[in-house]
Amino acid sequence: MTEIEVRRIGYEDIESVCGIMVSIDPYVTLGYTRDMCIDAVVSNIEEGWGAVAEIDEKIAGFVLFRVFDGFPLGGYIRALGVHPEYRSMGVGSRLMDYAENIIFKYRRNVFLLVSSFNERAIGFYMGRGYRVVGVIENAVVEGLHEIIMRKVRKDRG
Ligand SMILES: CC(C)(COP(=O)(O)OP(=O)(O)OC[C@H]1O[C@@H](n2cnc3c(N)ncnc32)[C@H](O)[C@@H]1OP(=O)(O)O)[C@@H](O)C(=O)NCCC(=O)NCCS
């Protein structure tokens, strides 16, 4: 079985993470540039809320999230991406486990936005217990919508 190592994101990961982000959808369709990616990654490194997954010492994917700010009532998954070569191997799930474990220590909800055309990601999130709670129409690009999804922490007892 392929060994996936998930660790906290660092400055040394900027090149690899932005290389993946600017070459995959939904970020291409939403018009993400390299500079926008660098800004997002740097702010997440500084806040400490981000992780990368490594396979054979190569960056296979990333997750950027917020715990306290960025969305009312809960944490927020800001960006998630897996290099196409490493999909369907459990990388996205491991990255989401990492983010959710940290967010749920402090917050009852995790929120995220997913583009209406991104069927694979919507299915992936539904499988992880996320449910649709709203839609932001014409959010970034005219005619394309951002779907708001929410996962609620399972409180014991
Ligand atoms: C969405 C994404 C992160 C998933 O990453 P991944 O590493 O391929 O995910 P995993 O291997 O951990 O899990 C995939 C599993 O999710 C589930 N899943 C995926 N699509 C599904 C669907 N449409 N319905 C139900 N379950 C689904 C399945 O169990 C699937 O396993 P399979 O691919 O072997 O069938 C990846 O496809 C990606 O990077 N997409 C482009 C960027 C993106 O859309 N990011 C999200 C922005 S909001």
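Which residue in β4 does Phe62 stand opposite? In this predicted model, the residue facing Phe62 is Gly81 in β4. That pair is a handy place to start a tour of the sheet, the core and the ligand surroundings.

The sheet is open and built from 7 strands, arranged in the order β1-β2-β3-β4-β5-β7-β6, with mixed pairing. At its edges stand β1 and β6 (131–136); each has a single partner strand, so one side of each is left without a neighbour in the sheet. From one strand to the next, the twist averages 25 degrees.

Strand β3, residues 58–66, pairs with β4 in the antiparallel sense, and 6 bridges hold this pairing. Besides Phe62 and Gly81, Arg66 also has an opposite residue in β4, namely Tyr76. Two helices pack on the sheet. Helix α2 (residues 34–47) touches β2 (50–55), β3 and β4, and its direction makes about 70 degrees with that of β3. Helix α4, in turn, touches β5 and β7 (146–152), and its direction makes about 160 degrees with that of β5.

On its other pairing, β3 runs antiparallel to β2, to which 6 bridges join it. Glu54 has its bridge partner in β3, and this partner is Ile59. The two strands form a hairpin with 2 residues between them, and Asp56 in the turn shows a positive phi of about 50 degrees. Strand β3 is largely enclosed by the rest of the structure, because 7 of its 9 residues are buried.

In soluble globular proteins, nonpolar side chains tend to be buried together. Here, the largest nonpolar core has 37 residues, and those with the most contacts inside it are Phe62, Val63, Phe65, Ile77, Leu95, Ala99 and Leu112. What does Leu95 meet, leaving aside its neighbours within four places in sequence? The contacts of Leu95 are Val6, Ala51, Ala53, Gly61, Val63 and Leu80.

Two residues give a friendly contrast in surroundings. Gly75 lies in strand β4 and counts as buried, because it has 28 C-beta neighbours inside 10 Å. Leaving aside neighbours within four places in sequence, Gly75 is in contact with Phe65, Arg66, Val67, Ile103, Arg107 and Val110. The C-alpha atoms of Gly75 and Asn109 are separated by 6.3 Å, although these residues are 34 apart along the chain. Thr2, by contrast, lies in the segment before β1 (5–8). Is Thr2 buried or exposed? Thr2 is exposed, because it has 10 other C-beta atoms within 10 Å, and 12 or fewer is the cut-off for that class. With the same neighbours in sequence left aside, Thr2 is in contact with Ile55 and Met89. Thr2 and Gly90 are 88 residues apart along the chain, and 9.5 Å separates their C-alpha atoms.

Finally, the ligand has 20 residues around it, of which Arg87, Ser88, Gly92, Ser93 and Gly123 come nearest. Elements giving two or more residues to this shell are β4 (75–82), α3 (91–106), β5 (109–115) and α4 (119–127). Helix α4 provides the largest share, 5 residues. By character, the shell divides into 10 nonpolar, 8 polar and 2 charged residues. Both β4 and α4 therefore appear twice in this account: β4 pairs with β3 and α4 packs on the sheet, while each also contributes to the shell around the ligand.

Note on methods. Residues are numbered from 1 along each chain as its sequence is written. This is a predicted model: local features need pLDDT of at least 70, side-chain atom pairs count only at pLDDT 80 or more; totals for chains, interfaces and linings use all residues. A nonpolar core is a set of buried Ala, Val, Leu, Ile, Met, Phe, Trp, Tyr and Cys residues joined through C-beta atoms within 7 Å. A residue is buried if 20 or more other C-beta atoms lie within 10 Å of its own, exposed if 12 or fewer, and partly exposed in between; C-beta atoms are placed from the backbone. Two residues are in contact if their C-beta atoms, placed from the backbone, lie within 7 Å. A residue is near a molecule or strand if its C-beta atom, placed from the backbone, lies within 6 Å of it. Helices (H or I, at least four residues) and strands (E, at least two) are DSSP runs, numbered from the N terminus. Ala, Val, Leu, Ile, Met, Phe, Trp, Tyr, Cys and Pro count as nonpolar, Asp, Glu, Lys and Arg as charged, and the others, Gly among them, as polar. Two strands pair if DSSP finds at least two bridges between them. Axes are lines fitted to C-alpha atoms, for helices over the stretch in contact, and angles run from 0 to 180 degrees between N-to-C directions.
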